[in-house]
Amino acid sequence: RAIKPQGHGFLVRVQIKDGRTQDVLIQSHKRSDGRELIRVSTQCGEADAETTTWAIRNNSQLMYCAFCVQTQDDKEQLMIVKNFSPEHVTPGMVKDAVKEIAFYGDWLEKKLTGKDKY
């Protein structure tokens with residue numbers, strides 16, 4: 001893993017098998033109700049109706065994270081995220097989330113795009 005500061009958090013570049021990598025962001029996030037969270041996330045590819053439906057159907061398979069759709073650079077992106085309450089998170093919990101998010105994020109990105117962009 002390579003870690004570097006990015007914005008209000010960190011970017012973790014995780015080495016995946018076959019020389020692929022996946023960038024996972026760890027950053028602070030404020031909900032609309034003002035509650036502060038720690039968000040761990042990665043982009044997987046552009047969201048469309050088919051991939052969004054697939055992601056919702058498969059959310060129950062993920063242990064430490066969930067699929068979601070967010071706007072990034074004016075495009076709807078399929079992402080994998082995990083939010084933590086700062087009061088109840090441990091380094092081990094973040095480590096487990098980063099590993100799972102990187103693994104499934106890369107897997108889905110490869111399926112959707114065939115590329116290694118994120």
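In this predicted model, the charged end of Lys82 sits over the ring of Phe84, at 5.2 Å from the centre of that ring. Rings also meet one another elsewhere, and the structure holds three aromatic pairs. One of them is formed by Trp54 and Trp107, whose ring centres are 5.9 Å apart and whose planes make an angle of 35°, so that the pair counts as tilted, a term kept for angles that are neither under 30 degrees nor over 60. This pair links distant parts of the chain, since Trp54 belongs to helix α1 and Trp107 to helix α2, with the two positions 53 residues apart in sequence. Ring pairs join Trp54 and Trp107 with Phe67 into a cluster. Trp54 is partly exposed, with a relative accessible area of 32%, and Trp107 is likewise partly exposed, at 37%.

**Helix α2**

Helix α2, which carries Trp107, covers residues 91-113 and therefore has 23 residues, for which a span of 33 Å is expected at 1.5 Å a residue; its end C-alpha atoms lie 32 Å apart, in agreement with that expectation. A number of residues in α2 are buried, among them Val94, Ala97, Val98, Ile101 and Leu108, and the buried set also includes Glu100, Asp106 and Glu109. The elements against which the buried residues of α2 pack are the strands β2, β3, β4, β5 and β6, together with helix α1. Lys111, which also lies in α2, counts as exposed because its relative accessibility is 59%, and the cut-off for that word is over 50%. Although Lys111 and Cys44 are 67 residues apart along the chain, their C-alpha atoms are separated by 9.3 Å. After α2 comes Gly114, which has a positive phi near 75°.

**Two loop residues with a positive phi**

Most residues other than glycine have a negative phi. Which sign does phi have at Asp18, which is not a glycine? The phi of Asp18 is positive, at about 65°, and the phi of Asp74 is also positive, at about 65°, although Asp74 is not a glycine either. The table places each of these residues in its loop and gives its accessibility.

| Residue | Phi | Loop | Relative accessibility |
|---|---|---|---|
| Asp18 | about 65° | between β2 (9-15) and β3 (21-30) | 65%, exposed |
| Asp74 | about 65° | between β5 (66-72) and β6 | 77%, exposed |

**A buried glutamine in strand β6**

The loop that holds Asp74 runs between β5 and β6, and strand β6 itself, made of residues 75-84, contains Gln77. Is Gln77 buried or exposed? Gln77 is buried, because its relative accessible area is 3% and residues under 20% are counted in that way. When residues up to four places away in sequence are left aside, the residues that Gln77 touches include Gln43, Gly45, Glu46 and Ala47, and also Cys68, Val69, Gln70 and Gln72. Tyr118 is another of the residues touched by Gln77, and here the side chains of the two residues are joined by a polar contact of 3.4 Å.

Key
Residues are numbered from 1 along each chain as its sequence is written. This is a predicted model: local features need pLDDT of at least 70, side-chain atom pairs count only at pLDDT 80 or more; totals for chains, interfaces and linings use all residues. Side-chain values use heavy atoms; hydrogens and water are left out. Helices (H or I, at least four residues) and strands (E, at least two) are DSSP runs, numbered from the N terminus. Buried means under 20% relative accessible area, exposed over 50%, partly exposed in between (1.4 Å probe, protein chains only). A polar contact is a pair of N or O atoms within 3.5 Å; within protein, one must be able to donate a hydrogen and the other to accept it, and residues adjacent in sequence count only if both atoms are side-chain atoms. Contact means heavy atoms within 4.5 Å. The expected span of a helix is 1.5 Å times one less than its number of residues. Rings of Phe, Tyr and Trp (its six-membered ring) pair if their centres lie within 6.5 Å; planes under 30 degrees apart count as stacked, over 60 as edge-to-face and the rest as tilted. A charge sits over a ring if NZ of Lys or CZ of Arg is within 6 Å of the ring centre and within 35 degrees of the ring normal.
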